[in-house]
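Trainee: I would like to go through this model one question at a time.
Mentor: Go ahead, and I will keep the answers short.

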Amino acid sequence: ARVHAERGWTQKVRHVLRELLPLQGAMEQGDINLLNTELKKWGGGVPEQFGESTAAIEAVVNVAKERLLIWRDVERVVKDVLKQAERLPRTAKALTEHCQRLFRALKEAQLTRMDLRRSDPKAIDRIAEVLSSWVTRAMAHPNGVQKSIVQKVVRSEQLGSFDFVDLDICLRLVDRPESGNEVFFNRARTIVEDASTIPKDLRPLLSHVETMLFFLKYTKAEDLRLAHAEFRNQTGRLDRAVAGYLSRAEMDYPPGAELVQWRDSRGSLMDDNEVNAVLEEIRRPPSSGEDRLGLFRDVFYQWAVVMKSKFDLLVLPHHTQVICLLAFRSFMESKRRGSDPRALIAQVGTGEGKSMIIAALALYVVVVLRKKAHIVVDDETLLERDFWTFKPLFDMFQVPAADTGDEWRPIMSKLCSSEERLVGSNRDDPKLMSQAARVDPEADICYCEAKHVQSFYASIARGNNQDFSSYEERVLILDEVDALIIDEEPNEAFVYPNEELSEMATSVAEALSNGATVEQVHEALCDSPHPAAERVVREMCQEWCRAKQLKCGDDFVYAKDIGKYCALQGGRANSKAWSLALECRNFQDGLGREILFQERLFVMSRPRVFRKYHRILGLSGSIGSSSERTFLRQTYGAAFFEVPPFLKTCRGSPFHEAVPVALGASRQAVYLEPSEAAQLSRLVEVAFEARERVPVLVIARDRGQCDLFVEQLRSAARSRGFGDMSDDMVRSLSRTLYEMDPEQWKDNLNRSTLPLGDASGNQKCWRVTVTDPRGGRGTDYRVDDPCVDALGGLLLIPTAIPTSQRDWTQFLGRTARQDRRGQFCAVLCEADYVALSAKYGQALPALEPGSLSLEAVEAIIAWGDREIAERIHSSAALYNCGVRVNELCEELFGRRRELLKNPDARERLVELCQRLRWMSLPEIDELAVRIPNFRPADIPTEADDLGRPQEPPAAELQPSR
């Protein structure tokens, strides 16, 4: 009977599957017509013959009905927009608006899993036709590659995050005359027509081709003698050891030993035979003598092979890159003696191939030194871009699988991604194998952010095997040195759960929730023999009161997945963040019945963690001010050198830096206005004068001023008769807009350097774009109009001078990129500098009409340097105390972990970690002595006693007994 019943059930299941599969297949295929046909079969409802399966089948049918309704709405929108497009005048503006609507409908179809290619092939053809018509109207040089891009995007199965602005950007990247750009179009067409290229990859790939062709244009003009001469120009400013590294690089890579010899008989670098001959010349070591390039020769060759296979273009390292790498190699090979550098930092300008230098250094660390490389890039977008760009190169190399060296394995490279990105990724994406939320200790090369380096140290401190010596087998490579400069809080405390104290804290919470007073709780529990009892009661009573003041939406939010409140950090819910106050709030609101009590048992000194690496290699757009360099030198033993711009080492090639330009009624390069109203008036005058000739980028003091300037500049434009064009003429790139409407922000960036309206030829006029300081760092403002270059290039108008030299360098780097010209005119408000002027007893220099003087700019930056020096000095005592406590914590957790089982020892350690900012070094050691069987005097220190960082508040004057 049981067998008979099972057979009957099996037959029912097969019947259900047989009937439902066509319906589910129609939904999966995204075919609206097929889904409609299949649903008609279920028009009379679900037959009772399905028995117990009826409810499940009804649910599937209802989902299909809902899907059909949604698809019909999408279908209606597409048809309506296409119909409207037929009646519209064929102007670029009208077509753009309707193409935007069409694209949104296309994306909506994909979001609802509707496949328009199956459901309405004619609509897809018509969408492509309308978009192609828009291309003809909106682009300066309509061409076949643009039409191919449109076809690819419209027929793509998965657009993902690719939107209409991305399409516009891609089209403009190839918007150029075909005559004279044949090579570019050939490579661009190959990329676009490659079936494996998805829409979101089009922009970076096309930009890469453009950059590669730019460098190839000057390849034969590079002069190794000029390169070495440029490096030697800084000899008088260099550390003795660094001068030696560069001298050794010149011996290892002298004129006449270039990777490739450019003879007059050499053919075009676009010819396959010539390219193959060049690749063979790179690969082949010298016929006699030692190959002084060593591993780097193989790196250059393999990278050229990777790039040729991807873009069919030749990629060669600049002489400046080779010399830089050889200098770093000498540093890594040298044995540290006395005052020799422990860190080497090179200043490498934007667009000079810094990412490639970093990748080559990582390979040297892994393949030659047999160590692991942590590469820190503190920008998530750039981090991902660089990792995936160079991963094919890393995959070309192998290292010994074991100490014996008999077997070899591929290099393991990993990317640290945020948990949010990993959770949102496609589970079938093969890239996930190379990603992790934290630093993988087994990875040979790990691309990460500074926070991941710190969490890696924390994982050692919290793990079962506290082997802090493993850092000697790792090298830290930094893209920008910002992470090293710590002028505020240099230390971070780690908390550890304590089960026994959690039970005690829960008892306190129960007593308080039952109406007990703080005094009653003290009386009941403070007589406990546990050394931490008094602290637990005190902290619980304090945090219990504070918990009641926490505000939902400001301090915490309710997380459905865990059924509790979780902290808000940076506007995001962080379920892993712990605070005793939030534990109490969850208890108060009935969302938790137990208190998790954690205590500070470990202090990490961030500079000390960085210093634990075998070597520190830094590459930065700007090394920074004299105060920052002094800090880096004293804290990390850093030495510095500059890598000259590539174009400076090319014969007869144009190299430009941003230059001051006299504008406005007084024809000045720097204006210092007495009030915000006068500043705005001058800004309008300068910006509107300049936009008649070149694009204008205004960098405001902050996001608030940015938003204000946008409104006021638009109002000024309307008052000058520009009417409805004013909003297009003045565009915002503020962080506020980015957070509210990232697509509009991206569109504004795209249009910031495009002519306004349909003007062409000598009648062009330009936009005024206003950004905040974030837009003055790392954002690329692409200018490729020769008319703009002839008139001085993109104009930068800073309305506040950053007090950091590194930030000012970044600001100026927004213009004069590659071989383009650039210019700037500062419009400042005197009121912004009253406090600094009074603080340092120095007035800003007077500015004369017709002057190009930058004395005011230099004075402000000098004040900022002094402020940085003061912050570094004020945090020096705290830094040294953190170093000492970090040393003691490492000893306790790494070698004396058995002491932590003693409650008295733990309590002294908690006190040490909580009170370090109120103690001098001798006081720290005096307290550490009270840890049973622990002798801090036996533990050497790198710290200097600079006294107490702060005097303790009155309540903390007496340490606990």
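Trainee: Which backbone oxygen does the side chain of Arg 814 reach at 2.9 Å?
Mentor: This is a predicted model, so the distances here come from predicted coordinates. Arg 814 is found in the loop between α32 and β22. A polar atom of the Arg 814 side chain lies 3.3 Å from the backbone oxygen of Gly 776. The oxygen reached at 2.9 Å is that of Gln 810.

Trainee: Which side chain of opposite charge is nearest to Arg 814, and how far away is it?
Mentor: Arg 814 is buried yet has no salt bridge. A salt bridge needs a nitrogen of Lys or Arg within 4 Å of a carboxyl oxygen of Asp or Glu. The nearest side chain of opposite charge does not meet that: Asp 780, 6.0 Å away.

Trainee: Which residues is Arg 814 in contact with, leaving aside neighbours within four places in sequence?
Mentor: Arg 814 is in contact with Gly 775, Gly 776, Arg 777, Gly 778, Thr 779, Asp 780 and Tyr 781, among others. The list also includes Thr 350, Leu 697, Leu 794 and Leu 796.

Trainee: In what order do the six strands of the open sheet lie?
Mentor: The pairing in this sheet is parallel. β16 (659-660) and β19 stand at the edges with a single partner strand each, so one side of each is left without a neighbour in the sheet. The order is β16-β22-β21-β18-β20-β19.

Trainee: Which strands does helix α32 touch where it packs on the sheet?
Mentor: Helix α32 covers residues 805-812, and its direction makes about 150° with that of β21. The strands it touches are β18, β21 (794-798) and β22 (822-824).

Trainee: At what angle to β19 does helix α27 run?
Mentor: Helix α27 spans residues 703-719. It lies across β18, β19 and β20. Its angle to β19 is about 170°.

Trainee: Which residue of β20 is the bridge partner of Leu 697?
Mentor: Strand β18 (residues 696-699) pairs with β20 in the parallel sense over four bridges. On the β19 side (residues 730-733), four bridges also join the strand to β20, again parallel. There, Arg 731 stands opposite Thr 769, and Leu 733 has Thr 771 as its bridge partner. The partner of Leu 697 is Thr 769.

Trainee: Are the side chains of β20 buried or exposed, and which ones point the other way from Val 768 and Val 770?
Mentor: Strand β20 covers residues 768-771, and all four are buried. Val 768 and Val 770 point one way. Pointing the other way are Thr 769 and Thr 771.

Trainee: Which residue of β23 does Leu 672 stand opposite?
Mentor: Leu 672 belongs to strand β17 (residues 670-673), where it shares one side with Val 670, while Tyr 671 and Glu 673 are on the other; all are buried. Four bridges join β17 to β23 (residues 826-829), and the two run parallel. The residue opposite Leu 672 is Leu 828.

Trainee: How many residues apart are Asp 252 and Arg 329?
Mentor: The structure holds 78 salt bridges. In one of them the side chains of Asp 252 and Arg 329 meet at 3.0 Å, N to O, and both residues are buried. The pair links distant parts of the chain, helix α12 (residues 240-252) and helix α15 (residues 319-333), and the separation is 77 residues.

Trainee: Is Asp 938 buried or exposed?
Mentor: Asp 938 forms a salt bridge with Arg 935, with the closest N and O atoms 2.9 Å apart. Arg 935 has 54% relative accessibility and so counts as exposed. Asp 938 is at 53%, and therefore counts as exposed.

Trainee: What is the relative accessibility of Asp 784?
Mentor: Asp 784 forms a salt bridge with Arg 782, the closest N and O atoms being 3.0 Å apart. Arg 782 counts as partly exposed because its relative accessibility is 26%. Asp 784 also counts as partly exposed, at 38%.

Trainee: What is the relative accessible area of Phe 397?
Mentor: Phe 397 is found in the loop between α17 (380-394) and β3 (398-400). Among the residues it touches are Leu 295, Val 299, Leu 363, Val 367 and Ile 411. Phe 397 is buried, with a relative accessible area of 5%.

How values were computed:
Residues are numbered from 1 along each chain as its sequence is written. This is a predicted model: local features need pLDDT of at least 70, side-chain atom pairs count only at pLDDT 80 or more; totals for chains, interfaces and linings use all residues. Side-chain values use heavy atoms; hydrogens and water are left out. Buried means under 20% relative accessible area, exposed over 50%, partly exposed in between (1.4 Å probe, protein chains only). Two strands pair if DSSP finds at least two bridges between them. Contact means heavy atoms within 4.5 Å. Axes are lines fitted to C-alpha atoms, for helices over the stretch in contact, and angles run from 0 to 180 degrees between N-to-C directions. Lys and Arg count as positive and Asp and Glu as negative; His and the chain ends are not counted. A polar contact is a pair of N or O atoms within 3.5 Å; within protein, one must be able to donate a hydrogen and the other to accept it, and residues adjacent in sequence count only if both atoms are side-chain atoms.
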